[in-house]
Every structure is written in structure tokens, then in C-alpha cells.
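Me: I am in my first year and would like a close look at a single part of this protein, the helix called H3. Please go slowly and show me how that part sits among its surroundings.

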Amino acid sequence: MGAGLESVFKLADDVEIDTRAAEGLCVIARKFESSMPSPYETAIAGTPYPGEIISGDDALYIPSDTGFLAAVCDGLGHGPEAREASSRAVGAIARNSHLELVNLVEAVNLEVTGSRGCVLSVVRFERDQHVLQYLSAGDIGAHLYHLRDAHFFTPTPFVVGDRELPRRRLRVEEIRVAAGSVLAMFTDGLESKTSIKGQLDLLRRPVLVIAQHLLENHSRGTDDALVFVARFKK
């Protein structure tokens with residue numbers, strides 16, 4: 001019924017959840033000696049292509065003292081070879097997380113070249129300025145919800161692992177983030193018309209509940225699907 005999960009979020013200072021159907025569940029709940037509640041709640045949830053165990057989608061979340069970096073990657077196709085491409089992208093992002101977003105995606109492009117390739121979205125949140133930077137390559141959805149308003153980020157149509165990437169102009173969007181906002185990023189395993197704009201009861205729920213709602217109600221059912229959700233509490 002969600003009561004246990006809600007209690008975890010209330011009692012812990014920091015909670016991260018990563019659940020992948022057929023792959024496993026990881027919940028990290030931290031309670032600090034001196035109260036240091038995290039300004040974010042985050043969750044990753046995904047399902048593989050029907051009948052398969054390995055999803056071609058992958059994601060990561062890297063918190064820091066100044067904010068966080070997060071990415072959602074979708075290897076072309078589905079299954080182990082697609083996951084190899086998306087996991088290589090995630091690994092490159094983790095190793096180069098200090099770079100500006102354009103340079104970061106260029107580094108990922110070099111790492112993924114020779115694989116199936118992937119599409120991805122990557123965001124960096126600067127806590128002091130309350131600014132979210134967003135860069136997308138390909139068909140990854142990203143929405144920022146606040147109360148009854150919503151901002152829909154614009155993807156750039158290209159594939160990471162493409163030798164033509166150096167000739168393309170990578171576009172970075174910036175937007176200020178208000179406390180209480182919810183960010184949702186998802187692969188094209190969800191419908192293109194996916195939106196939870198104005199669903200205030202849902203947007204107040206724990207982020208894992210939001211992610212699971214998106215998977216259960218908006219999945220195409222014909223592809224891998226993965227969702228990353230973050231709430232900005234402060």
C-alpha cells in the first residue's frame with residue numbers, strides 16, 4: 001500500500017532507489033548522526049523487453065555537495081547488446097562527470113563508438129543557483145513538473161556513437177527549478193504523449209511511486225522501458 005516506503009522517506013535523511021524488473025532492487029537509506037536531510041529524492045525503475053531478462057536501458061545518479069548529475073541511456077534495439085552500449089555510456093558519464101555537458105557527451109560518443117550506439121539524456125543540477133542544465137541526444141523524454149505547470153525539454157535528433165557527432169551542434173537547455181518540483185526522464189519504451197501534468201496527488205507521492213505509475217500506465221509494452229524521477233525538496 002506504500003505505507004512502508006513513505007515511512008522510509010520520512011525517517012531517513014537520504015534515500016536512493018533503483019529497481020529493475022528481472023534484474024533486482026537496491027534501496028539505500030541513510031540516517032546521519034547530525035540531521036543532514038538530502039535536498040532530493042530519487043528513484044530509477046525499469047522493465048526489459050517482454051520475455052527478456054536484460055534491459056537495453058541504463059541510468060545513473062551521482063550526487064555531490066553542489067548538486068547532482070543524472071543520465072538515462074537507451075541502447076539501440078533491446079537485449080544484451082543494447083545494454084552493452086547503454087552501460088558503456090553510463091560508465092563514461094561516471095568517469096567524466098566533472099566535464100561540461102557538451103564535452104561529457106562527446107566523451108561518451110568516443111566510448112560508445114563501435115557498439116550499437118545509444119540515445120541519452122543527461123542533466124546537471126546546480127544547487128546554489130537552482131538551475132538545471134539538460135542535454136538530450138535522441139528520443140528520451142524529460143519533463144519538469146511544478147504544481148500545475150510543466151516544462152517539456154526538447155531532444156536533439158542524433159545517436160551517440162555516431163562518427164558524425166563532432167559536426168553536430170549540441171544544445172543545452174537551462175531552467176530554474178523551484179522547491180517541490182519533480183523531474184521525470186524516460187526512454188521511448190513509454191508513450192510519446194506521456195504526461196502527468198496537473199496530477200497533484202501523484203506528484204506528492206514518493207518518487208518511486210511516480211516512476212512505477214509511469215511504467216504501469218504509459219509503457220508501450222513493445223520495448224525496454226526505464227524511468228528516472230527526482231524531487232527537489234529545497
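Reply: A residue is called exposed when its relative accessible area is over 50%, buried when it is under 20%, and partly exposed in between. By that rule Leu147, at 58% relative accessibility, counts as exposed, and the same scale will serve for the helix you ask about. Please keep in mind throughout that this is a predicted model.

Before turning to the helix, it helps to have the whole protein in view. Its secondary structure comes to 5 helices and 12 strands, and its C-alpha trace spans about 50 × 40 × 35 Å along the principal axes. A compact globule of 234 residues would have a radius of gyration near 17 Å, and because the protein has 17 Å, the two values agree. Of these 234 residues, 49% count as buried. If we take the contacts in the protein with a separation of 6 or more, 67% of them join residues 24 or more positions apart, a point worth remembering when we come to the neighbours of the helix.

Now to H3 itself. This helix runs over residues 101-112, which makes 12 residues, and from its first C-alpha to its last it reaches 16 Å, close to the 16 Å expected at 1.5 Å a residue. Its buried residues are Leu101, Leu104, Val105, Ala107, Val108, Asn109 and Val112. Just as useful is what these buried residues pack against, namely strand S5 (67-75), helix H2 (80-95), strand S6 (118-126), strand S7 (131-137) and strand S10 (172-176). After the helix comes Gly114, whose phi is positive, near 100°.

The partner H2 deserves a look of its own, since the buried residues of H3 pack against it. H2 has 16 residues and reaches 22 Å from its first C-alpha to its last, which is close to the 22 Å expected at 1.5 Å a residue. Its buried residues are Ala82, Arg83, Ala85, Ser86, Ala89, Val90, Ala92 and Ile93. The cover over them includes H3, together with strand S1 (14-20), strand S4 (57-63), S5 and S6.

Let us follow the chain onward through the strands that H3 packs against. His130 has its place in the loop between S6 and S7, and its phi is near 55°, a positive value in a residue other than glycine. Most residues other than glycine have a negative phi. At 28% relative accessibility, His130 counts as partly exposed, because the value falls between the two cut-offs given above. Leu147, with which we began, lies in the loop between strand S8 (141-146) and strand S9 (149-152), and Leu147 also has a positive phi, of about 50°, although it is not a glycine.

Beyond S10, another strand that H3 packs against, the loop between S10 and strand S11 (182-186) holds Ala179. This alanine counts as partly exposed, at 45% relative accessibility. Although Ala179 and His130 are 49 residues apart along the chain, their C-alpha atoms are separated by 8.8 Å. Leaving out residues up to four places away in sequence, Ala179 touches His146, Phe232, Lys233 and Lys234.

Phe232 brings us to strand S12 (residues 225-232), where Phe228 also has its place. At 0% relative accessibility, Phe228 counts as buried, because that value is under the 20% cut-off. Apart from neighbours within four places in sequence, Phe228 is in contact with several residues, among them Ala70 and Val72, and both numbers fall within the range 67-75 of S5, a strand that H3 packs against. Its other contacts include Tyr61, Leu183 and Met185. Val229, likewise in strand S12, counts as buried at 0% relative accessibility, and the residues that Val229 touches include Glu41, Val182, Val207, Ile210 and Leu214, not counting those up to four places away in sequence.

To return to your helix, the picture is of 12 residues, with buried residues that pack against one helix, H2, and against the strands S5, S6, S7 and S10. From S5 the contacts can be traced onward to Phe228, in strand S12.

Notes:
Residues are numbered from 1 along each chain as its sequence is written. This is a predicted model: local features need pLDDT of at least 70, side-chain atom pairs count only at pLDDT 80 or more; totals for chains, interfaces and linings use all residues. Side-chain values use heavy atoms; hydrogens and water are left out. Helices (H or I, at least four residues) and strands (E, at least two) are DSSP runs, numbered from the N terminus. The radius of gyration is taken over C-alpha atoms; the globule rule is 2.2 Å times the number of residues to the power 0.38. Buried means under 20% relative accessible area, exposed over 50%, partly exposed in between (1.4 Å probe, protein chains only). Contact means heavy atoms within 4.5 Å. The expected span of a helix is 1.5 Å times one less than its number of residues.
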